[in-house]
Amino acid sequence: MSHRFHRDERGLIVSSFVKLVVFLLLLFLAGVETAAVVFARVQTQDTAEQVAFDAAVNYRDHGDVQAAREAAEIYIEGKDPDSQLRQFEVRSDGSVRVVVFRRAHTLFIHRIGFLKEFTEARGRAVSQAPSV
């Protein structure tokens, strides 16, 4: 009887261990997915702020809206090719407003319909060139 009792305990321990490993793996994957989304949002905002500043400086120096937009697109292609310039506006005071879009690279979140929107990162920025 004692021998059977030890065998049952081993099965219980192995079962508990497997459940713990599966739980920790799922927790780790959720952390990686969350980190990917947060990183994409931070990087997209940083890109938007830098693009707006560079475009504002370009507009101040050349006075050409199209050249400022092209400079913004070139900057995005060089720094963050996964991002897209969605909106670009030069305001009457010479400041530049941009919206940059990027989709986070995830393993699972982008495959789940109602979570897909969380993988979308938008950076919005308005910047004015420093006076010369």
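## A chat about a sheet, two helices and a core

Guide: In this predicted model, the charged end of R86 sits over the ring of F101, 3.9 Å from the ring's centre.

Visitor: And how many aromatic pairs does a search of the whole structure find?

Guide: Zero aromatic pairs turn up when the whole structure is searched.

Visitor: Okay, the sheet next. What order do the strands come in?

Guide: The order is β1-β2-β3, in an open sheet of three strands with antiparallel pairing. β1 and β3, which covers residues 120-127, stand at the edges with a single partner strand each, so one side of each has no neighbour in the sheet. From one strand to the next, the twist averages 10°.

Visitor: How many bridges join β1 to β2?

Guide: Six bridges do. β1 is residues 84-90 and β2 is residues 96-103, and the two run antiparallel. Within that pairing, Q84 has F101 as its bridge partner in β2, and L85 has V100.

Visitor: What about the turn between them? Which residue there takes a positive phi?

Guide: That is G94, with a phi near 90°. The hairpin of β1 and β2 has five residues between the strands.

Visitor: And over how many bridges do β2 and β3 pair?

Guide: Eight bridges, again in the antiparallel sense. V96 stands opposite S127 of β3, and V100 is opposite G123 of β3. V100 is also the bridge partner of L85 in β1.

Visitor: Which residues of β3 are on its covered face, and which on the uncovered one?

Guide: The covered face has A121, G123, A125 and S127, while E120, R122, R124 and V126 make up the uncovered face. In a regular strand, side chains alternate between the two faces of the sheet.

Visitor: How many residues of β2 are buried?

Guide: Six of the eight residues in β2 are buried, which makes the strand mostly covered.

Visitor: Which helix lies across β1 and β2?

Guide: Helix α2, residues 65-79, lies across those two strands and runs at about 150° to β1.

Visitor: Moving on to the core. Which residues touch the most other members of the largest one?

Guide: L85, F88 and V98 do, in a nonpolar core of 15 residues. α1, α2, β1 and β2 each supply at least two residues of this core. α1 gives the most, with five residues. Nonpolar side chains tend to be buried together in soluble globular proteins.

Visitor: What does L85 touch, leaving out residues up to four places away in sequence?

Guide: L85 touches V51, R69, A72, E73, I76, V98, V99 and V100.

Visitor: Which residues does the second, separate core include?

Guide: A40, A104, I109 and A121 are among its five residues. A121 is also on the covered face of β3.

Visitor: Let's do helix α1 then. T47 is in there; is T47 buried or exposed?

Guide: T47 is buried, because its relative accessible area is 0%, and buried means under 20%. Leaving out residues up to four places away in sequence, T47 touches Y75, I76, K79, D80 and V100.

Visitor: How far apart are the C-alpha atoms of T47 and A121?

Guide: They are separated by 11 Å, with their positions 74 residues apart along the chain.

Visitor: F39 is also in α1, which is residues 2-62. Is F39 buried or exposed?

Guide: F39 counts as exposed, because its relative accessibility is 53% and the cut-off for exposed is over 50%. From C-alpha to C-alpha, F39 and Y75 are 19 Å apart in space, and they are 36 residues apart in sequence. Y75 is also one of the residues that T47 touches.

Visitor: One more. Why is S15 called partly exposed?

Guide: S15, another residue of helix α1, has a relative accessible area of 32%. Buried needs under 20% and exposed needs over 50%, so a value in between counts as partly exposed.

Visitor: And how far is S15 from R122, C-alpha to C-alpha?

Guide: Their C-alpha atoms are separated by 44 Å, and the two residues are 107 residues apart along the chain. R122 is on the uncovered face of β3.

Definitions and conventions:
Residues are numbered from 1 along each chain as its sequence is written. This is a predicted model: local features need pLDDT of at least 70, side-chain atom pairs count only at pLDDT 80 or more; totals for chains, interfaces and linings use all residues. Side-chain values use heavy atoms; hydrogens and water are left out. Two strands pair if DSSP finds at least two bridges between them. Helices (H or I, at least four residues) and strands (E, at least two) are DSSP runs, numbered from the N terminus. Axes are lines fitted to C-alpha atoms, for helices over the stretch in contact, and angles run from 0 to 180 degrees between N-to-C directions. Contact means heavy atoms within 4.5 Å. Rings of Phe, Tyr and Trp (its six-membered ring) pair if their centres lie within 6.5 Å; planes under 30 degrees apart count as stacked, over 60 as edge-to-face and the rest as tilted. A charge sits over a ring if NZ of Lys or CZ of Arg is within 6 Å of the ring centre and within 35 degrees of the ring normal. Buried means under 20% relative accessible area, exposed over 50%, partly exposed in between (1.4 Å probe, protein chains only). A nonpolar core is a set of buried Ala, Val, Leu, Ile, Met, Phe, Trp, Tyr and Cys residues joined through side-chain atoms within 4.5 Å.
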